[in-house]
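I opened my notebook for a first look at this structure. Here is what I looked up, entry by entry.

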Protein chains: 2
Amino acid sequence: MAARPTPRRDRLVDTALRLFAIEGFHGTGIDRILAESGVSKMTLYKHFPSKDDLILAALRRRDESYRAWLETEVAARIETGEHPLVAYVHAIQTWCDRPQFNGCTFINAAGEFGDPKHPVHRAAGEHKQAMLAFVEQLARDASCNHPQEIALQTRLLCDGATVMKQAIRSDRGFEAAAEAVKRLANIS
Amino acid sequence: MAARPTPRRDRLVDTALRLFAIEGFHGTGIDRILAESGVSKMTLYKHFPSKDDLILAALRRRDESYRAWLETEVAARIETGEHPLVAYVHAIQTWCDRPQFNGCTFINAAGEFGDPKHPVHRAAGEHKQAMLAFVEQLARDASCNHPQEIALQTRLLCDGATVMKQAIRSDRGFEAAAEAVKRLANIS
DNA sequence: TCCAAAGCATACCGATCTGTCTACTTTTGA
DNA sequence: TCAAAAGTAGACAGATCGGTATGCTTTGGA
């Protein structure tokens with residue numbers, strides 16, 4: 001019945017992800033997703049038992065594709081001589097320059113699903129944990145002095161800059177974040 | 001008709017604010033707000049032309065009460081000898097320790113109302129701007145070297161720590177943020 | 001070739017959504 | 001005292017919500 005790989009399933013998830021960013025999770029109706037993806041309602045419910053499952057699938061997809069993109073982007077920047085942590089900040093900044101950008105999908109998800117036990121809220125938390133682990137590895141690779149603390153601070157600065165970009169559409173946050181990371185990690 | 005000051009109006013706004021934090025703005029129905037505040041529907045619509053207006057009023061109230069609380073809290077901490085910027089970080093941390101806390105109301109609002117021209121999104125942006133101005137003044141009062149940049153970095157760290165507290169319920173973010181601020185501003 | 005899986009349209013369900021209307025009651029201040 | 005202001009309950013409207021049921025068409029692989 002509900003096959004795992006698929007063609008239309010992808011369209012559903014992609015469309016949902018796009019609409020969720022603009023209108024929010026609760027603000028986006030199933031019918032809207034169906035209309036814009038050109039998929040029938042029965043097909044949706046053949047792949048996902050409920051809307052919440054579609055949301056979870058969308059978050060999972062976002063997590064995977066984002067992480068894949070990020071690793072490539074950061075690696076490419078390190079290749080050109082950028083310090084790994086600075087490369088990370090610049091990569092996030094690049095990500096946030098997408099036209100449809102409206103903040104971090106996971107922060108938005110945690111905001112709409114406030115109950116810490118709700119699967120969507122947990123998914124957001126797990127993503128943030130994974131991001132922190134990723135940056136910690138970067139800090140260790142770069143032989144930073146206190147990799148765990150500098151990684152955490154880098155993460156805070158990036159989430160803050162992402163929020164600033166979302167709220168007032170300014171890149172000043174990322175510029176200040178990059179400078180802060182350089183000072184905190186004794187770079188250049 | 002729609003008087004400005006009021007008794008029941010306050011209950012409506014307070015209840016809405018509490019529910020919005022848990023269920024989100026779109027996820028919270030008018031009827032739920034009415035039931036929990038014990039106010040009739042007609043009274044609501046006598047005070048607010050629409051739900052969006054109630055949301056805007058709630059954000060306005062949050063902005064005002066939060067700012068009043070913050071100024072008092074920061075002043076009290078400065079009184080005890082804390083550096084103004086560190087006092088700010090600790091004040092935010094205290095704010096985020098409220099049991100009903102679910103992230104920054106304005107970040108959540110911007111997430112649900114993605115259109116930058118939407119009044120709710122704008123209100124979120126204006127709040128963030130005002131917060132930045134507040135911290136810039138603190139930095140100037142403390143005779144920091146580059147008050148504008150250090151203020152911005154402090155703001156990024158605090159928003160990042162707020163997000164971390166929301167997503168994984170950890171205070172580690174605030175501790176790391178306070179340390180970062182001390183280093184960036186050459187404190188102690 | 002042919003069958004099963006996948007996808008389709010469409011109507012429908014009950015619940016809930018924001019918002020309106022009418023008509024009655026309480027409060028309050030000049 | 002008495003009239004205006006504020007509040008009440010409750011029915012109602014039309015739209016939309018998430019989700020289900022039925023029955024038809026397309027498609028792909030053995």
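**Burial.** I began with chain A and found that 56% of its 188 residues count as buried, meaning under 20% relative accessible area with a 1.4 Å probe and protein chains only. I kept in mind that this is a predicted model, where local features need pLDDT of at least 70, side-chain atom pairs count only at pLDDT 80 or more, and totals for chains, interfaces and linings use all residues. I also noted that residues are numbered from 1 along each chain as its sequence is written, that chains are lettered from A and ligands numbered from 1 in the order in which they are written, and that side-chain values use heavy atoms, with hydrogens and water left out.

**Fold.** Next I checked the elements: chain A has nine helices and zero strands. Here helices are DSSP runs (H or I, at least four residues) and strands are runs of E (at least two), numbered from the N terminus. The C-alpha atoms of chain A fill a box of roughly 60 × 35 × 35 Å along the principal axes.

**DNA strand C.** How many residues surround DNA strand C? I found 20, and R8(A) and K41(B) are among the closest; near means a heavy atom within 4 Å. Helix 3 of chain A gives the largest share of this surface, four residues.

**Phosphate contacts.** I then looked at polar contacts (pairs of N or O atoms within 3.5 Å). A polar side-chain atom of R8(A) sits 2.9 Å from a phosphate oxygen of DNA strand C. For T43(A) the distance to a phosphate oxygen is 3.1 Å, and for Y45(B) it is 3.2 Å.

Terms used:
Buried < 20%, exposed > 50% of the residue type's maximum accessible area, 1.4 Å probe, protein only. Polar contact = N/O pair within 3.5 Å; in protein donor to acceptor, adjacent residues only side chain to side chain.
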